[in-house]
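Reader: I am in my first year of study and would like a close look at a single part of this model. Could you please guide me through how its helices pack against one another?

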Amino acid sequence: MKPFNRLFVFIYYVVGTVTRILHPTSVEGMEKLPKSGVLLCPNHSSNWDPILVALRLPINYRLHIMAKEELFQNPLLGWLLKKVGAFPVSRGSNDINAVKQSIQALKDGDNLLIFPEGTTVRNGVGYIDGLPPQAKAGAAMIGVRTGAKLVPVFVDGEKKLFHKTRIIFGEPYEPRYTGRRGTSEEMQKIADDLLEAAYALGGQAVGGKPL
């Protein structure tokens, strides 16, 4: 991602201004956010989430976003996502290229946004057998392998035009694991903890229900 080319600056300021009119946001906890090598882990309730978060971060934050490949099938949305640093991941398969791209971004000192749920979850939508999907362990694996700073992020579920959406950045999470890379059970625990912490920032349980 090249954060200072003219097209990126245009997208950031012009599209960002329009987006803030249509979907205004309030931001909390920005002062807690490390400047580099950060893995942001938000809850996920809308296709607007990656754009709203990306456009509220500083222009020089050097953010990359792992987003489901279906979003890129919409020409306008796909174009916009790519311009704010997103790349596609194929869900339901081991997308090695997406994982490699994620790891390289963090090793380069850039920052990465991954949705641990892997799908949008709100008001029962996305639930499986009445339960919200479990966090995917891939985010934890990437964080541990790169030594990234893991930060839970809450994004309000409702995305109504001209209604404010809260974005809350939490304290960096310190993962605990054994050995160099930990066990699969430890990676799942880290991913679950991150997702729980993200929802808790907004006073919600995993899946979006009030605590």
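Author:
**Helix packing in a predicted model**

A polar contact of 2.9 Å links the side chain of aspartate 108 to that of glutamine 104. The model in which this contact appears is a predicted one. Aspartate 108 lies in the loop that runs between α4 (96–107) and β5 (111–113). Aspartate 129 is 21 residues away from aspartate 108 in sequence, and the two C-alpha atoms are 40 Å apart in space.

Before turning to the helices, it is useful to set out the whole chain. Six helices and seven strands make up the chain. Read from the N terminus, these elements follow the order α-β-β-α-β-α-β-α-β-α-β-β-α. The chain has a radius of gyration of 16 Å, close to the 17 Å given by the globule rule for 211 residues, so it is as compact as a globular protein of that length. The C-alpha trace spans about 45 × 40 × 35 Å along its principal axes.

The packing itself can now be considered pair by pair. Two packed helices are described by the angle between their axes and the distance between the axes.

The helix α4, which precedes the loop of aspartate 108, packs with helix α5 (residues 138–146): their axes come within 10 Å and cross at roughly 40 degrees. An angle between 35 and 65 degrees counts as oblique, and α4 is therefore oblique to α5. The crossing of these two helices is right-handed. On the α4 side, the residues that meet α5 are Val99, Ser102, Ile103, Leu106 and Lys107, and their partners in α5 are Met141, Ile142, Arg145 and Thr146. By class, this contact of α4 with α5 comprises five nonpolar, two polar and two charged residues.

Helix α5 also packs with helix α6 (residues 184–201), at an angle of about 105 degrees and with the axes 8 Å apart. This angle makes α5 roughly perpendicular to α6. Ala140, Met141 and Val144 of α5 form the contact with Met187, Ile190 and Ala191 of α6. Here the residues divide into six nonpolar, no polar and no charged. Met141 belongs to the contact of α5 with α4 and also to that of α5 with α6.

Another pair is formed by helix α1 (residues 6–22) and helix α3 (residues 75–83), whose axes come within 10 Å and cross at roughly 115 degrees. The angle makes α1 roughly perpendicular to α3. In passing α3, α1 makes a left-handed crossing. Leu7, Phe8, Ile11 and Val15 of α1 touch Trp79, Leu80 and Lys83 of α3. The contact of α1 with α3 contains six nonpolar, no polar and one charged residues.

Conventions
Residues numbered from 1 in each chain as written. Predicted model: local features only at pLDDT ≥ 70, side-chain atom pairs only at ≥ 80, totals over all residues. Heavy atoms only, no water. Axes fitted to C-alpha atoms, helices over the stretch in contact; angles between N-to-C directions. Helix = DSSP H or I, 4+ residues; strand = E, 2+ residues; numbered from the N terminus. Parallel < 35°, antiparallel > 145°, perpendicular 65-115°, else oblique. Left-handed = near helix turned anticlockwise from the far one by under 90°. Contact = heavy atoms within 4.5 Å. Nonpolar A, V, L, I, M, F, W, Y, C, P; charged D, E, K, R; others polar. Polar contact = N/O pair within 3.5 Å; in protein donor to acceptor, adjacent residues only side chain to side chain. Rg over C-alpha atoms; globule rule 2.2 N^0.38 Å.
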